[in-house]
Structure formats: C-alpha cells, structure tokens
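Biologist: Please choose a single part of this model and examine it closely. I should like to know how it is placed among its neighbours and how its residues are situated.

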Amino acid sequence: MTGGPYSGDEFDGVPRQEGAVGVPDAYQRLWVPYRMAYIRSNHTGPSAGGHDQECPFCVAPTLSDEDALIVHRGEHAYVLLNLFPYNSGHLLICPYRHVPLYDEATPDEVGEIAALTQTAMRVVREDSRCDGFNIGFNQGAIAGAGVAGHLHEHVVPRWAADANFFPIIAGTKAIPVLLGDTRAALAAAWPA
Ligand SMILES: [Zn+2]
C-alpha cells in the first residue's frame, strides 16, 4: 500500500518494530516522553480505603436503589447506572470500599467486579440488543476519572447507529430512555 499511513518502515512516522503488533486507528500520535516526569510528579498515593461522605460511590449504597439508580448489590461490589451516561444502559461497577486504583482492590473485590461485568453484559445485551461494548476503568483524574478517589468500571453498550452529530455540534448526547425506566428494567432482568 502506498500513500496511506502505512509506508514502508513507518506508521504515522513511528518506526516499525520487529514483532510489534497493534490495531491502527484514526489518531495521530504525538510522542512526548519528556512529559513522563510531569505525569509521575502528579501521582497520588493509595488512600485508606474507608468511607468518604463526599464521595458519590460511597454515598450511593446508603440510599434506596431507586434514588441511587442501583441495579444490583453484590457482596463486595455493586452496579449502578451512570448519572451522566454516554449511552442508555451505561453501567458503573464499584467496590463498596473507597479505593482509587484497581491494584488496591482485594481478590474478592476483583473477582466479584469481573463476575458482575459478565452479568451486566448479558443483562444489557438482552435488554437493549446492543451490537458491542466499551468496558474499562479510568484511574486517576489525569486519565479522565470523574470520581478519581473511588474505583469504578464503565460498561457502555454500543450500537451501530449510536454516534450521531449531536455530540460534535451541540456538546449534547441524545439519550433515548429515561434513567429510572432503564434502572427498573435492568434490575428486573438481573439474575437472582
Ligand atoms: Zn468512595
């Protein structure tokens, strides 16, 4: 192929490395290794892992399921709807403990978060017939975590036609289902 980003020994100006693999996307990379000193200087240490009354993910389990948009309560972790969804059915899976980072979660918490993620996929897929998912953790404010102090995993259903022009021209996302209705439907579909 000639003329595209693939050209000979480079991809987007980055030298190919023998044996390296990856999935090309639409973004160009700006390689700024000197920023690592700044990034490292902003590292915040692990928290005590207690309960924080200012933290929405600590407060939510003290409320009713309806008020907190909780879909399911497990033993070590729980599932709730994101109040600021990227798409309808956008779930968050949180440990009850106020810990910021995945490697601070206990094996019990990690195991239950993983199991709840699988169940969330099945429940959301059955409810909304989505075509795919984005699943992941943003950890630390620098990585985009809105509530950086309390670990939470995003489970975002995707449809082939879900990305329209609204987010680009209006800064607005069109969410076609009310949060309370979505919560009730997913809670009812969640296996006992
Ligand atoms: Zn918290």
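**A close look at β5**

Modeller: Strand β4 (residues 70-73) pairs with β5 in the antiparallel sense over 3 bridges; two strands count as paired if DSSP finds at least two bridges between them. This is a predicted model, in which local features need pLDDT of at least 70 and side-chain atom pairs count only at pLDDT 80 or more, while totals for chains, interfaces and linings use all residues. Residues are numbered from 1 along each chain as its sequence is written.

The connection from β4 to β5 is a hairpin through 3 residues, and R73 has Y78 in β5 as its bridge partner. β5 is also joined to strand β6 (residues 91-95), again in an antiparallel arrangement, by 5 bridges. Here L80 has L92 in β6 as its bridge partner.

As for burial, 5 of the 5 residues of β5 (residues 77-81) are buried, so this strand is largely enclosed by the rest of the structure. A residue is buried if 20 or more other C-beta atoms, placed from the backbone, lie within 10 Å of its own. In a regular strand, side chains alternate between the two faces of the sheet. Both faces of β5 are covered, with A77, V79 and L81 buried on one side and Y78 and L80 buried on the other.

For context, buried residues make up 21% of the 192 residues in the protein chain. The protein chain has 6 helices and 8 strands, which are DSSP runs numbered from the N terminus (helices H or I, at least four residues; strands E, at least two).

Technical notes: Buried ≥ 20, exposed ≤ 12 C-beta atoms within 10 Å, placed from the backbone.
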